[in-house]
Amino acid sequence: FFKIIGDVSYSIYLIHFVAQAAIKLILYNSNMKIDFNSQYIFITYILFIYFLGIMSYTFFEKPLQGYIRKKYL
């Protein structure tokens, strides 16, 4: 469990701001109001960011690392 969190931490770091901006833009354009002080919204956001981080790591970062290692090592 901790290895997965450690592996995806950089992906999460890179994705979190983009996700926040996209969510804010979608909410602004659709005139939706969400209580960002809600614990449920916070937990949902954290789970969403971890999901995106795991997907990014699995399908982008890890294959790219393998490619670079094969090509240059």
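## The buried side of H1

The buried residues of helix H1 are Val8, Ser11, Ile12, Ile15, Ala19 and Leu27. This is a predicted model. H1 runs over residues 2-30. Part of what covers its buried residues is helix H2.

H1 is also bent. A kink of about 45° is centred on Ser9.

## The chain as a whole

The chain holds 2 helices and 0 strands. Its radius of gyration is 16 Å, well over the 11 Å that the globule rule gives for 73 residues, so the chain is more spread out than a compact globule. Along the principal axes, the C-alpha atoms fill a box of roughly 50 × 30 × 15 Å.

Of the 73 residues in the chain, 16% are buried. The accessible surface comes to about 6,500 Å². Carbon and sulfur atoms account for 70% of that surface. Now take the contacts between residues at least 6 apart in sequence: 78% of them join residues at least 24 apart.

## Helix H2

H2 covers residues 39-72, which is 34 residues. How far apart should its ends be at 1.5 Å a residue? The expected span is 50 Å, and the end C-alpha atoms are 46 Å apart, which agrees. H2 has a kink of about 40°, centred on Tyr57.

Tyr45, Ile49, Gly53, Tyr57 and Glu61 are buried in H2. The cover over the buried residues of H2 includes H1. The cover over the buried residues of H1, in turn, includes H2.

## Val8: contacts around the H2 kink

Val8 belongs to H1. Its relative accessibility is 2%, under the 20% cut-off, so Val8 counts as buried. Leaving out residues up to four places away in sequence, Val8 touches Gly53, Ile54 and Tyr57. Tyr57 is the residue on which the H2 kink is centred. Gly53 and Tyr57 are themselves among the buried residues of H2.

Val8 can also be placed against another residue. Ala22 is 14 residues from Val8 in sequence, and their C-alpha atoms are 20 Å apart.

## Ser11: a polar link to H2

Ser11 is a residue of H1. At 4% relative accessibility, Ser11 counts as buried. Which residue's side chain forms a polar contact with that of Ser11? The partner is Glu61, and the contact is 2.7 Å. Glu61 is one of the buried residues of H2.

The wider contacts of Ser11, leaving aside neighbours within four places in sequence, are Gly53, Ser56, Tyr57 and Glu61. Gly53 and Tyr57 appear in the contacts of Val8 too.

## Ala19: further along H1

Ala19 is found in H1. Is Ala19 buried or exposed? Ala19 counts as buried, because its relative accessibility is 7% and the cut-off for buried is under 20%.

Ala19 touches Phe48, Ile49 and Leu52, not counting residues up to four places away in sequence. One of these, Ile49, is buried in H2. Tyr45 is another buried residue of H2. Ala19 and Tyr45 are 26 residues apart along the chain, and their C-alpha atoms are separated by 9.2 Å.

## The loop between the helices

Asn31 follows H1. Asn31 lies in the loop between H1 and H2. With a relative accessible area of 64%, Asn31 is exposed. Its phi is near 55°, a positive value in a residue other than glycine. Most residues other than glycine have a negative phi.

Ser38 is in the loop between H1 and H2 as well. Where Asn31 is exposed, Ser38 counts as buried, at 17% relative accessibility. What does Ser38 reach at the start of H2? A side-chain oxygen of Ser38 comes to within 3.2 Å of the backbone nitrogen of Tyr40. Ser38 is 30 residues from Val8 in sequence, and the two C-alpha atoms are 26 Å apart.

Key:
Residues numbered from 1 in each chain as written. Predicted model: local features only at pLDDT ≥ 70, side-chain atom pairs only at ≥ 80, totals over all residues. Heavy atoms only, no water. Helix = DSSP H or I, 4+ residues; strand = E, 2+ residues; numbered from the N terminus. Expected span 1.5 Å × (residues − 1). Bend = angle between axes of the 7 residues up to and from the residue. Buried < 20%, exposed > 50% of the residue type's maximum accessible area, 1.4 Å probe, protein only. Contact = heavy atoms within 4.5 Å. Polar contact = N/O pair within 3.5 Å; in protein donor to acceptor, adjacent residues only side chain to side chain. Rg over C-alpha atoms; globule rule 2.2 N^0.38 Å. Areas by Shrake-Rupley, 256 points an atom, 1.4 Å probe, with all protein chains shown as cover.
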